[in-house]
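Ready for some practice in reading a protein model? Work through the exercises below one at a time, and try each task before you look at its solution.

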Amino acid sequence: MKYLTIRRYFPLLAVAIWLGGASCSRYFVPSGKAAYTELQVDTTVADDPDYVRFYAPYKKQLEAEMNRVVGHAAVSLTKPRDAPETLLGNFFADVLLAEARKQDPEADFSFGTKGGLRIELHQGPITIGHLFELMPFENEIVILELTGERVRELAQFIATTDGQPVSGIRMEIDGGKATDIRIGGKPLDNARTYKLATYDYLANGGDNSRGLNDPVSRTDLGMKVREALIDYVSSEALAGNDINVQLDGRITRNQ
C-alpha cells in the first residue's frame with residue numbers, strides 16, 4: 001500500500017487503538033502563526049525500507065483483523081438520500097436498541113443520524129473492516145430518559161430532516177410535520193417518560209439534533225457503537241443467521 005486515503009486511514013487508526021487498548025483523550029491547539037506546506041504523496045514517493053520493516057508486523061496484524069469475516073448480509077444495506085427509511089438505517093438502529101436492552105431491558109426506542117453512517121454494506125460477507133468504516137468514530141451508547149414532550153421534539157427533528165435511523169418508534173411525516181407518533185405500538189403520551197438508546201455524540205448536541213437536551217436521566221453504557229455492531233453481527237452469525245433487514249414502514253412520508 002503506497003498511501004492511504006483519509007477514508008481508509010481512520011478505520012485503520014481506530015483498529016490500532018482498539019487492539020492496543022489506547023485512549024485518545026488529549027486535545028492540541030496550534031500556537032503562533034500557522035504555516036502550511038502541501039506534500040504530494042503518491043506512487044512517485046519511494047518506500048523507506050527501514051520504515052517498512054518497522055510497521056510491517058503491525059500492518060499485518062491490522063489487515064488480518066480488518067479482513068476477518070464476522071457475518072453475512074443477505075441483502076445490500078443501502079441508504080438512499082431521498083428515502084425517509086433505509087435498510088442501513090433500520091439495521092443500525094435495531095442494533096442500537098438490541099444491544100442497549102441487554103443492559104437496560106426498559107429501553108423503548110433508538111435514534112441515530114444518517115450522516116453518522118459512513119458506508120453502505122453490500123450483500124455478502126461482513127468484515128471487521130466494513131464495520132469500522134461504517135462507524136469509524138469512538139462514539140459510545142447512552143440511554144436518555146426523555147419526557148413525552150422531548151420525544152415529540154425529537155420526532156419533529158426527524159420529520160424536518162426527512163427521516164433518520166430509528167427503531168421502536170413509528171411515525172409519519174406529513175408536510176414536514178411529525179404525525180401519528182407511536183412507541184412500542186402505542187401513541188406517544190406526553191405525560192410519561194421514555195428511554196431512548198442513542199450515542200454520546202448526539203446526546204451531547206451533535207448533528208444539530210433536537211429533543212435530547214435536559215433529559216430526566218442519562219446512563220452511559222460504556223460500550224462503543226462499533227463494538228455493539230461487531231457483537232451483534234457476530235452473534236447472529238453464531239446463531240446461523242444472516243443480516244436480513246427489511247423496510248417495515250417505521251417512517252412513512254405523506255406526499
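**Exercise 1.** Find the residues that make a nonpolar surface patch of about 400 Å².

*Solution.* Start with Tyr51, Phe54 and Tyr58, the residues that make this patch. To qualify, patch residues need over 30% relative accessible area and no salt bridge, with nonpolar side chains (Val, Leu, Ile, Met, Phe, Trp, Tyr) joined within 5 Å and like charges within 9 Å. Accessible areas here come from the Shrake-Rupley method with a 1.4 Å probe, and for residues only the protein chains shown count as cover. Next, place Tyr58: this residue is found in helix α2, residues 49-66. Helices (H or I, at least four residues) and strands (E, at least two) are DSSP runs, numbered from the N terminus.

Before you go on, note that this is a predicted model, in which local features need pLDDT of at least 70 and side-chain atom pairs count only at pLDDT 80 or more, while totals for chains, interfaces and linings use all residues. Residues are numbered from 1 along each chain as its sequence is written, and side-chain values use heavy atoms, leaving out hydrogens and water.

**Exercise 2.** Classify the ring pair of Tyr51 and Tyr55.

*Solution.* First, the rule: rings of Phe, Tyr and Trp (its six-membered ring) pair if their centres lie within 6.5 Å; planes under 30 degrees apart count as stacked, over 60 as edge-to-face and the rest as tilted. The structure holds five aromatic pairs. In this one the ring centres of Tyr51 and Tyr55 are 5.0 Å apart and the planes meet at 65°, so the pair is edge-to-face. Finally, look along the chain: both residues lie in helix α2, four residues apart, about one turn of the helix.

**Exercise 3.** In what order do the five strands of the open sheet stand, and which are at its edges?

*Solution.* Two strands pair if DSSP finds at least two bridges between them. The order is β5-β2-β9-β4-β10, with mixed pairing. β5 (166-167) and β10 (217-224) each have a single partner strand, so one side of each is left without a neighbour in the sheet. Now zoom in on β2 (residues 109-111), which pairs with β5 in the antiparallel sense over two bridges. There, Phe111 stands opposite Val166 in β5.

**Exercise 4.** Trace the open sheet of four strands and its hairpins.

*Solution.* Read the order as β8-β7-β6-β11, again with mixed pairing. The edge strands, β8 (186-187) and β11 (251-254), each pair on one side only. Next, β6 (residues 169-174) and β7 (residues 177-183) pair in the antiparallel sense over five bridges. Here Asp174 stands opposite Lys177, and Glu172 stands opposite Thr179. These two strands form a hairpin with two residues between them, and Gly175 in the turn has a positive phi of about 60°. β7 and β8 also form a hairpin with two residues between them, where Gly184 in the turn has a positive phi of about 60°.

**Exercise 5.** Which parts of the structure does the salt bridge of Glu106 and Lys195 tie together?

*Solution.* A salt bridge is a side-chain nitrogen of Lys or Arg within 4 Å of a carboxyl oxygen of Asp or Glu. For Glu106 and Lys195, the closest N and O atoms are 3.3 Å apart. Glu106 lies in the loop between α3 (87-103) and β2, and Lys195 in strand β9, so the pair ties together parts 89 residues apart in sequence.
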